[in-house]
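Q: Please take a close look at the strand pairing in this model, and then set it in its wider context. A formal account with the cut-offs stated would be appreciated.

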Amino acid sequence: MATNSSTLGSSKVAEASGRVEQVCNMHFFNPALVMKCVEVVRHESTSDNTVDVTMELARRFGKEPVLINREIPGFIANRVMGAINEESLFLYENGYASKEDIDAAIRNGLGHPMGPFELMDMVGLDVIDFIAKATYEETGAEEDKPNESISKLVAEGKFGRKSGEGFYEYKK
C-alpha cells in the first residue's frame with residue numbers, strides 16, 4: 001500500500017494497515033501522465049521487498065523512481081522547490097526584483113519550464129499554504145512557518161489559476 005501525499009508520511013497510516021512493512025509513499029508529480037519522477041519513501045518499518053516492488057512498479061509505469069531512505073515532510077523535490085520559492089518570495093517582497101523578472105531568471109537561467117510564481121499559481125496558493133501549515137504543525141521549525149504573503153492571498157480568495165488570480169491575474 002502506498003500514499004501519494006508528500007505531506008502525509010506513510011508511517012502515519014502504516015499501523016492502521018495491519019501490514020506495517022508493506023506500506024510506503026509513492027509520490028507522483030503533476031501532471032502525473034507527463035512528469036517522470038516518482039519519489040518512493042520508506043518509513044522505519046518499510047521492508048526492502050516493498051521498496052523493490054514499488055521501485056519496479058514505477059519503472060513499469062515508465063517513471064524514473066528515486067528512493068528516499070527515511071521520511072521528511074515534503075520529500076526531495078518539494079523541499080528543494082520550497083527553498084527556491086522562499087528565496088524568490090524574499091527577493092520579491094524586499095524589492096530586489098519583480099515577480100516577472102524572478103520567473104524569467106529561473107526559466108532562462110536555470111532551465112526550469114516555469115518560474116516559481118507561475119508554478120505556485122499553477123499548484124494553487126491554497127495548496128501551498130495548507131502544506132506549509134501542516135509541515136509547520138508537524139515540525140514547529142521557524143523555517144517551516146507559512147509565508148505571510150501567500151496566507152494573505154489565500155485569505156483574500158486568490159488561489160492562483162483556479163480562482164483567476166494569485167501572484168498573476170488569469171482570464172476566466
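A: Two strands are said to pair if DSSP finds at least two bridges between them. Strands (E, at least two residues) and helices (H or I, at least four) are DSSP runs, numbered from the N terminus. The model is predicted, so local features need pLDDT of at least 70 and side-chain atom pairs count only at pLDDT 80 or more, while totals for chains, interfaces and linings use all residues. Residues are numbered from 1 along each chain as its sequence is written, and side-chain values use heavy atoms, with hydrogens and water left out.

The description centres on strand β3. β2 and β3 run antiparallel and are joined by four bridges; across this pairing, His27 has Glu39 of β3 as its bridge partner. With β4, strand β3 pairs in the parallel sense, over five bridges. Glu39 appears here again, standing opposite Val66 in β4. Between β3 and β4 the chain passes through α2, and this β-α-β crossover is right-handed: with the strands pointing away from the viewer, the path from the first strand over the helix to the second runs clockwise.

Burial is judged by relative accessible area: under 20% is buried, over 50% exposed, and in between partly exposed (1.4 Å probe, protein chains only). Strand β3 (residues 37-41) is largely enclosed by the rest of the structure, because four of its five residues are buried.

The aromatic rings add further links. Rings of Phe, Tyr and Trp (its six-membered ring) pair if their centres lie within 6.5 Å; planes under 30 degrees apart count as stacked, over 60 as edge-to-face and the rest as tilted. This rule gives four aromatic pairs. In one of them, Phe28 and Phe61, the planes stand at 40° and the centres 6.3 Å apart, so the pair is tilted. Since Phe28 belongs to strand β2 (residues 24-28) and Phe61 to the loop between α2 (48-60) and β4 (64-68), the pair ties together parts 33 residues apart in sequence. Phe28 is partly exposed at 22% relative accessibility, and Phe61 is partly exposed at 47%.

Another pair, Phe117 with Phe167, is edge-to-face, with 75° between the planes and 4.9 Å from centre to centre. Phe117 lies in helix α5 (residues 116-123) and Phe167 in the segment after α7 (148-155), so that distant parts of the chain, 50 residues apart, are linked. Phe117 is buried at 0% relative accessibility, and Phe167 is buried with a relative accessible area of 10%. Ring pairs join both residues with Tyr92 in a cluster.

One backbone feature lies in the loop between β4 and α3 (77-93), where Phe75 is placed. Most residues other than glycine have a negative phi. Phe75 is not a glycine, yet its phi is positive, at about 60°. This residue is buried, at 3% relative accessibility.

For the wider context, the protein has seven helices and four strands, in the order β-α-β-β-α-β-α-α-α-α-α along the sequence. Its C-alpha trace spans about 50 × 35 × 30 Å along the principal axes. Of the 172 residues, 36% are buried. With contact taken as heavy atoms within 4.5 Å, 53% of the contacts between residues at least 6 apart in sequence join residues at least 24 apart.
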